[in-house]
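User: I am new to this structure and would be grateful for a close look at the network of salt bridges. Please then set that part in the context of the rest of the protein.

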Amino acid sequence: MSANTGSNGAIENTQESNTMTVETKTAETKIDETKITEADTAEPVVGKAAQPTVPRSVLLFLGAAAVAIIIVVLSGIHSRVSASTDLAQATDRAAIPSVNVVHPKPAARVDELVLPGNTQAFIDSPIYARTNGYLKRWYADIGARVTKNQLLAEIETPELDQQLRQARAELATAEANMNLSQITAERDQNLLKTHSVSTQERDNAVNALAANKATVDSNQANVARLEQLQSYEKVYAPFDGVITARSTDIGALIDAGANAPKELFHITAINKLRVYVAVPEVYGRAAVDGASVDLTLDEYPGKTFHGKLVRNSNSIDSASRTLLVEVDVDNGQGTLLPGAYVQVHFKLPENAKSLTVPASALIFRREGLQVAVVRDGKAELVRVTPGHDYGDSMEILAGVRPEDDVILSPSDSLASGMPVQVGNSRPGGARE
């Protein structure tokens with residue numbers, strides 16, 4: 001009984017277990033059918049495999065990331081292009097030389113213009129011989145002060161003396177022939193009255209007299225010429241002056257004329273001296289004929305010599321742009337010497353103006369004194385006319401304007417039309 005009971009319990013348990021298994025399978029079958037039904041009711045996708053749905057937030061994030069990447073790439077490209085452009089511009093700017101400039105300033109007002117000049121003798125003449133021979137003796141050496149017609153030298157002329165004696169003898173013969181012809185002509189003229197001679201004989205005698213007279217005149221002229229040449233055996237001073245050179249000595253062979261190898265003496269008149277001065281064109285109005293002029297010399301400090309402007313060339317030299325003037329200075333004491341360097345002081349008009357620039361701005365080239373100025377971003381070399389030299393600065397009389405930018409310390413390679421950039425701009429060049 002117990003065994004049956006246990007068997008029945010096991011059977012019941014087995015049946016219950018089978019029942020639960022069937023119910024579980026039924027439930028799973030229903031779930032599968034539900035999924036199949038949902039799958040059947042869904043819209044089918046043609047030609048593509050079924051893909052999972054992506055959330056919208058993910059798509060927005062991905063889009064933002066792509067835009068950010070594009071912006072970063074474009075920004076990098078732009079920065080590279082900008083850097084390349086800046087580098088090219090910087091290279092171009094570096095290729096343009098940078099210069100420092102100053103503005104010319106008005107020069108300090110001066111009442112006079114000081115220009116250099118050289119003294120010259122009022123008369124300067126070489127003395128040559130006018131006859132051939134040998135120097136017998138000389139009477140004046142260099143530095144000797146001589147007066148007009150003072151004997152300077154004597155020349156021996158033996159050949160000339162013989163020629164003169166011969167000419168005088170020929171003259172005497174000609175005079176004798178003329179006297180004889182004159183007597184014959186007078187006799188024939190008287191005999192013709194009595195018809196003692198023919199008219200032809202009388203005419204022959206008269207013509208012979210005329211021919212002999214002409215011969216006498218010719219010989220007289222020859223004698224006078226030789227006597228004049230003989231008078232040149234003595235050499236005299238042509239004017240009051242100083243002997244500055246003696247180029248001969250006793251016994252030297254003397255050749256006549258200016259074609260001689262050398263002069264005998266050189267004489268200068270120093271009682272009055274000439275001084276030629278080149279006055280800049282801008283100061284041409286200061287060169288007035290008759291104006292008083294002062295002269296100073298380094299060897300006579302504190303001493304002033306007075307002269308007068310006597311004449312000017314009335315023409316501007318196109319090469320130097322200056323006016324040549326002559327100043328005469330009395331030198332009766334002989335203090336001034338010909339060839340001396342002097343400083344000539346001219347009185348300036350009231351409205352004369354000039355500018356100054358630093359000495360470092362000056363350019364010395366074969367074209368003349370120049371300065372470089374900046375105009376329209378380019379260098380331009382302009383020729384200037386110098387005035388006073390103050391050492392650290394130079395007075396400019398013409399060529400620049402007060403508003404010009406003058407380049408300091410220009411390079412040797414600087415040329416007109418070269419682009420430049422201004423590093424600084426300041427006033428300068430003035431002398432207080």
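Analyst: A salt bridge is counted where a side-chain nitrogen of Lys or Arg lies within 4 Å of a carboxyl oxygen of Asp or Glu. By that criterion, Arg375, Glu380, Arg401, Glu403 and Asp404 are linked in a network of salt bridges. The model is a predicted one, and the values that follow are computed from it.

Two links of the network share Arg401. The side chain of Arg401 meets that of Glu403 in a salt bridge with an N to O distance of 3.0 Å, and it meets that of Asp404 in a salt bridge of 3.4 Å, N to O. The three residues differ in their burial class. Asp404 counts as buried because its relative accessibility is 4%, and buried means under 20%. Arg401, at 39% relative accessibility, counts as partly exposed. Glu403 counts as exposed because its relative accessibility is 53%, where the cut-off for exposed is over 50%. Arg401 therefore has a buried partner in Asp404 and an exposed partner in Glu403.

Arg375 and Glu380 also belong to the network. By residue number, strand β17 covers 368-375 and strand β18 covers 378-383, and the loop between these strands contains Asp376. The phi angle of Asp376 is near 60°, a positive value in a residue other than glycine. With 82% relative accessibility, Asp376 counts as exposed.

The structure holds twelve salt bridges. One of them joins the side chains of Glu154 and Lys234 at 3.5 Å, N to O. Glu154 is in strand β6 (residues 151-156) and Lys234 in strand β7 (residues 234-236), so this pair ties together parts that are 80 residues apart in sequence. Here again the partners differ in burial class: Glu154 counts as buried at 12% relative accessibility, whereas Lys234 is partly exposed at 36%.

Other charged and polar side chains are found in strands β12 and β13. Glu326 is placed in strand β13 and is buried, with a relative accessible area of 3%. The side chain of Glu326 is joined to that of Arg311 by a polar contact of 2.7 Å. Leaving out residues up to four places away in sequence, Glu326 touches Arg274, Val275, Tyr276, Lys308, Leu309, Val310 and Arg311.

Asn312 lies in strand β12, which covers residues 305-316. At 17% relative accessibility, Asn312 counts as buried. The side chain of Asn312 makes a polar contact of 3.0 Å with the side chain of Asp289, and it reaches the backbone nitrogen of Asn314 at 2.8 Å. Beyond residues up to four places away in sequence, Asn312 touches Ala287, Asp289, Leu323, Leu324 and Val325. Asn314 is also found in strand β12, but it counts as exposed, at 67% relative accessibility. The phi angle of Asn314 is near 55°, which is positive in a residue other than glycine.

Val325, one of the residues touched by Asn312, leads to the nonpolar interior. The largest nonpolar core has 27 residues, and those touching the most other members are Val275, Val277, Val279, Leu295, Val325, Val344 and Phe346. Strands β3 (112-127), β10 (265-280), β11 (292-296), β12, β13 (322-330) and β14 (341-347) each supply at least two residues of this core. Strand β10 gives the most, with five residues. Apart from neighbours within four places in sequence, Val344 is in contact with Leu113, Val114, Leu115, Val275, Val277, Val293, Asp294 and Leu295. A second, separate core has 17 residues, among them Ile127, Phe239, Ile254 and Ile267.

Nonpolar side chains also occur at the surface. Ile69, Ile70, Val73, Leu74, Ile77 and Val81 make a nonpolar surface patch of about 570 Å². Within this patch, Ile77 lies in helix α2 (residues 56-95) and counts as partly exposed at 47% relative accessibility.

Some totals place these parts within the whole. The secondary structure comes to four helices and 22 strands. Of the 432 residues of the protein, 30% count as buried. The accessible surface is about 27400 Å², and carbon and sulfur atoms account for 53% of it. Among contacts with a separation of 6 or more, 75% are between residues 24 or more positions apart.

How values were computed
Residues are numbered from 1 along each chain as its sequence is written. This is a predicted model: local features need pLDDT of at least 70, side-chain atom pairs count only at pLDDT 80 or more; totals for chains, interfaces and linings use all residues. Side-chain values use heavy atoms; hydrogens and water are left out. Patches are made of residues with over 30% relative accessible area and no salt bridge: like charges are joined within 9 Å, nonpolar side chains (Val, Leu, Ile, Met, Phe, Trp, Tyr) within 5 Å. Accessible areas come from the Shrake-Rupley method with a 1.4 Å probe; for residues, only the protein chains shown count as cover. Buried means under 20% relative accessible area, exposed over 50%, partly exposed in between (1.4 Å probe, protein chains only). A polar contact is a pair of N or O atoms within 3.5 Å; within protein, one must be able to donate a hydrogen and the other to accept it, and residues adjacent in sequence count only if both atoms are side-chain atoms. Contact means heavy atoms within 4.5 Å. A nonpolar core is a set of buried Ala, Val, Leu, Ile, Met, Phe, Trp, Tyr and Cys residues joined through side-chain atoms within 4.5 Å.
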